[in-house]
Each structure stands twice: as structure tokens, then as C-alpha cells.
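Biologist: I'm new to this one and would like to learn how to read it. Could you walk me through it, feature by feature?

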Amino acid sequence: MNTSKVKKPLSIKLHIFISMLGLSLGLIVILWLAQSFFLNSIYSRIKENDIKHASHSISYNINNEELDSFVEQMAVEYELCVRIFEFDSDKIIEKEAEGAHFFNDCVICNLSNADSLLNSWYDTTKNAGGYYTETVDRADFRDFIYVGDEESNLSGICLIATCLVEGENGNMFLVVLNTPLHPLNSTRKTLDIVLGILTLVAVGISLVVSYLLSKMISSPLEKMDKKAKALAESSYQIRFDEKGPKEVQDLARTLNQTTEELASVENLRKELIANISHDLRTPLTMISGYSEVMRDIPGENTPENMQVIIDETARLSSLVNDLLNVSKLQSGTQVMNVSKMSLTKCIIDTVKRYDTLVNHKGYKINLVYDNEVFIEADETRLLQVIYNLINNAINYTGSDQTVTVKQEVTDDVVRVSIIDSGEGISEEDLPLIWDRYYKVDKTHNRAVVGTGIGLSIVKNILLLHGSRFGVSSELGQGSTFWFEFKICKE
Ligand code: ADP
């Protein structure tokens, strides 16, 4: 016993929802990761730019009378602490008023006994060309900082920038700026909250979008499924709505075409059953009628009556053969036996078969040809083609009972035309007569007995030979059926 479970396929709705949710959560995870891994480095880069910009602006305004408020403005704008020291003949004087303190645990704000440090900054900055930045650990400044009791403040990374500028009085000024290098806790918390809200919004949006999307795609498909089920139960009047996304419209169009095809096949099938049962019943009635007469009435066992039974049996078997032939040809199981053959002889032989009709029923078959022409073809099949076409021409020809079979040669192509003077075929019927079971006269009440199979056999045989073929017809004037073959050179 097969124990493996068949997995139930997911609905489109669920597929879309899972994909949308996955996409949004993926993006959120990327954002969280970016925040965790890149926030510090991005923050440091921003801070480096800020501190550089602030120190250059302050240096530029070192002689400005409004320096004090300018420094404060810079400190607030860029979140930094600033101190300015004047180097006057080996004395370092701080420009107290101009200092600005933006945050508490600043290293430069708590400097004490730091002349050696300031001198070293002065030299380093001078050597660096007037501007110098350094990422430092607060703990390294233990010796220069007054920390009171709160030793714990002395930890963490910060960025120190120093800028050397000459004042109006000729003295050198050292602008020292400091900013923490890690985002402040409040910044982190804000980002965390924003990301949390974003996650909720993304999940909500995926829910709404996936619901709308899946509704747009799946509801026309669900409707189609219902109609297709009805179609499977042979309701061929069904129309699929050609609305919705392009692919759904294409599918609906294809299904509508299929429905039309199925409906026409179904009609043909019904007609065929009606026709074939009629065609089978006529000879069967004759056979059984004549047989009973011959059995019950003495003296009726005549060769003429026997001939009727033989003829009707032949009609029956030719009908059954036709049906078998067309099925084999269309299923591709028919093997072609192509060889060089005389087309002219084949035409003459077929026409000869109608000698009885010509001699006893007043039919006239004109045969027109110049030379004997050879072609490459399956002789038995080609005989079927010519026979079917002449048979139709005789069946449908007009009151003059005349049929013309013409063989014409143009360059290396031979064309055979079978011409009659009958009712002709209307323009709308012309393309359809080659279809299996198609009969122009559907009422089936005329003397001509036909199944609508003959031309389908002709078409399939000529297609297998790769021949060109066709028909031209005018109502009331008659029809010309023709086919062409390449002539075989000697
Ligand atoms: P059938 O056995 O009914 O003749 P065919 O396949 O040979 O079947 O022909 C299909 C239909 O084409 C016929 O029913 C008839 O209506 C039309 N047809 C064929 N040949 C002729 C013709 N020579 N003149 C007028 N109609 C024709």
C-alpha cells in the first residue's frame, strides 16, 4: 500500500500572503541588521564630518566678536563640546567665555593640569597642517581629568578634533572639539521604536496587499473553475469572462475557443450518428427484406435478387471502410507506400469503373489529357482520391449529367481537375467541406447517400503527399475540385 501522503497544494491567497509577509519581514530583518552592524560606523563617519565642519567654521570666526554665541550655536547644532586655548609666550590661557559644553561625560570639559596634553596636541596639530582628529578612549585621559568620585564616567570612545589658528594679536589659538562616537542611547531607542512600528506596518500592509492581490487573481480563476466543471459535464453554451489580468484573459479566450470547438465537434458527432444510422439502415433493410422474400416466397431466389443483396453488402462494407480509412489517416497510423506511377493510367482506370453508369444511366465523363504523366505517389491512396472526387462530381452534377476530368501540365507540375455542372457550393461552406463528417445538405433527404467523409479522406491523403489542392465553385454553375503533383522526370 502506498503510504506516502499527497501534499495538499496551497491556495494562491496563501502563496501571495506568505510571499508578501516574507518580503516585508526580510526587509525589516535587513534594516535591523544594518542598524546593529552599521549604525556605529555610519554614525562615526557623520560625526567626523560634523566635527571637521564645526572646527573649520570656529577657526574662521576666531577673531569674531560674536565668537561666544557662534561656538555655542555650533556645539548645539553638531552635538559637541568646544574649548579654545590661546598660546601666549609659553602660557596657555583658555578663552573661557567661548567654551561650550554639550554633553556631560566629555573629556575636554574636565581637563585639569593638562598643559602637557595641550602642548602635545598643539605640536601634533601643527605637524598635521593645522587640523587633527583622533579617536580616543576616555580612560586614556585619567591623568588629565578631574572626575571627582565618579570614576565610571571614564569609559567609552570619543572623537577629539584639534584645529590651530592664528589670532589678530599674533598668538596661536588651539580649538579643541569633542563628541561621543556612539549614538546616544536616546537615538538608539528612537530607532528601535521606529523599526518596531515599521514591522507592524509592514505586516499590516502585506496582509491588506496580499488579500487584494489574491482576490484580483484568484476570484476570476475560481469562477473559471466552476464553469470548466460545467463544461466537463457537456454544457457547451458556457462563456468564460474575458476579464482580469492579461494571463487570465488569455486563458478565458483559449477556453472559449475550446468550448466552441467542442460544441462543433459535438454537433458533428450528433449529425454523424444520425447520418450513419440512416446510411446503415437503408442497405440493412434491403438485405433483410430481400433475404426474407427469397426464403419465404418460392421462385424469388433469383440471381437479380441475390445481386441486390450483394450490392447492398458492398455498400455497407465501403461505408465501414471509409470510416476506418479516415480514422487511420488522421491518427497517423497509415503507412505510405510511395513509388513512381502513371497518374494518367490511374485516372483512365478510375473513369473506366463508371462504364456501367455511362452506358446505362446516361452519365457522360469527358477525359481530357495530352501525354502520359508520371509522379511519385502511393498508387492505392491516389486512386482513392480520384475515385472520391469523381464519385462526388457524379453524385452532385447537374441535369446534363456531365463530368469532366482534366489533366493539365504546366512546367514540371501536373494539375488534375474534376469539374461538374451541379448546384455548386456556397462560399461559407467551401472551407468546411474538407472537414470530417461535414455535409452541406444536413437534412439528408436527397437521393445522394453520403457520410461527409470522402473529402476528409481526400484532404488527408493529399496532405500526406505534400500536394497542393483546392476547390472553386459557383452556386448554380458547378464545382471544380483540383490537386497538383510534381512531375517525375524520366
Ligand atoms: P459526402 O459523402 O457527403 O459526399 P464528402 O466529404 O465527399 O461527403 O463531401 C462533403 C460535402 O461536400 C458533401 O456533403 C457535399 O455537400 C459537398 N460536396 C462535395 N463534392 C461536391 C460537388 N462536386 N458539388 C457540390 N457539393 C459537393
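**Reading the model step by step**

Modeller: Happy to. Let's start with a pair of residues that face each other: G470 stands opposite W482 in β12. Keep in mind that this is a predicted model.

Biologist: How many bridges join β11 to β12, and which way do the strands run?

Modeller: There are six bridges between β11 and β12, and the two run antiparallel. They form a hairpin with three residues between the strands, and G476 there has a positive phi near 85 degrees.

Biologist: Which other strand pairs with β12 (residues 478-486)?

Modeller: That would be β10, which pairs with β12 in the antiparallel sense over seven bridges. You can pick out partners by eye: S417 stands opposite W482, and V416 has F483 as its bridge partner. So W482 has G470 facing it as well as S417.

Biologist: Is β12 largely enclosed or open, and why?

Modeller: A residue is called buried when its relative accessible area is under 20%. In β12, seven of the nine residues are buried, so the strand is largely enclosed by the rest of the structure.

Biologist: What does β10 pair with in the other hairpin?

Modeller: Its partner there is β9. Strand β9 (residues 402-410) and strand β10 (residues 413-420) are antiparallel, with eight bridges between them. T410 is matched with V413 in β10. Two residues sit between the strands of this hairpin, and one residue in the turn, D411, has a positive phi of about 50 degrees.

Biologist: Let's turn to helices. What is the general idea?

Modeller: An α-helix has 3.6 residues a turn, so residues three or four places apart point the same way. Now the case here: helix α10 covers residues 454-465, which is 12 residues, and spans 17 Å from its first C-alpha to its last, close to the 16 Å expected.

Biologist: How many of the residues of α10 are buried?

Modeller: Nine of the 12, so α10 is largely enclosed by the rest of the structure. Among them are L455, I457, V458, I461 and L462, and the buried set also includes N460 and H465. Just after the helix comes G466, with a positive phi near 70 degrees.

Biologist: And aromatic rings? How do I read a pair of those?

Modeller: A ring pair is described by the distance of the centres and the angle of the planes. A search of the whole structure turns up five aromatic pairs. Take Y354 and Y387: their ring centres are 5.9 Å apart and their planes are at 25 degrees, so this pair is stacked. Y354 is in the loop between α7 and α8, while Y387 is in helix α9, and the two are 33 residues apart, so to speak a link between distant parts of the chain.

Biologist: Is Y354 buried or exposed?

Modeller: Y354 is buried, at 5% relative accessible area, whereas Y387 counts as partly exposed at 28%. Compare a pair with another geometry: W434 and F469 have ring centres 5.0 Å apart and planes at 65 degrees, so that pair is edge-to-face. W434 sits in the loop between β10 and α10 and F469 in strand β11, so the pair ties together parts 35 residues apart in sequence. W434 is buried, with a relative accessible area of 11%, and F469 is partly exposed at 23%. Ring pairs also bring in F481, giving a cluster of W434, F469 and F481.

Biologist: Can we zoom in on one residue? Where does T162 lie?

Modeller: T162 is in strand β4 (residues 157-166), and at 1% relative accessibility it counts as buried. Its side chain makes a polar contact of 2.8 Å with that of T125. Beyond its neighbours within four places in sequence, T162 touches residues including W121, Y131, Y132 and L174.

Biologist: And which residues does N171 contact?

Modeller: N171 is in the loop between β4 and β5 and is buried at 15% relative accessibility. Outside its neighbours within four places in sequence, N171 is in contact with E86, F87, D88, V165 and E166.

Biologist: Last one: how does the whole protein add up?

Modeller: It has 10 helices and 12 strands, and buried residues make up 37% of its 490 residues.

How values were computed
Residues numbered from 1 in each chain as written. Predicted model: local features only at pLDDT ≥ 70, side-chain atom pairs only at ≥ 80, totals over all residues. Heavy atoms only, no water. Helix = DSSP H or I, 4+ residues; strand = E, 2+ residues; numbered from the N terminus. Buried < 20%, exposed > 50% of the residue type's maximum accessible area, 1.4 Å probe, protein only. Polar contact = N/O pair within 3.5 Å; in protein donor to acceptor, adjacent residues only side chain to side chain. Contact = heavy atoms within 4.5 Å. Expected span 1.5 Å × (residues − 1). Pairing = 2+ DSSP bridges. Phe/Tyr/Trp six-rings, centres within 6.5 Å; stacked < 30°, edge-to-face > 60°.
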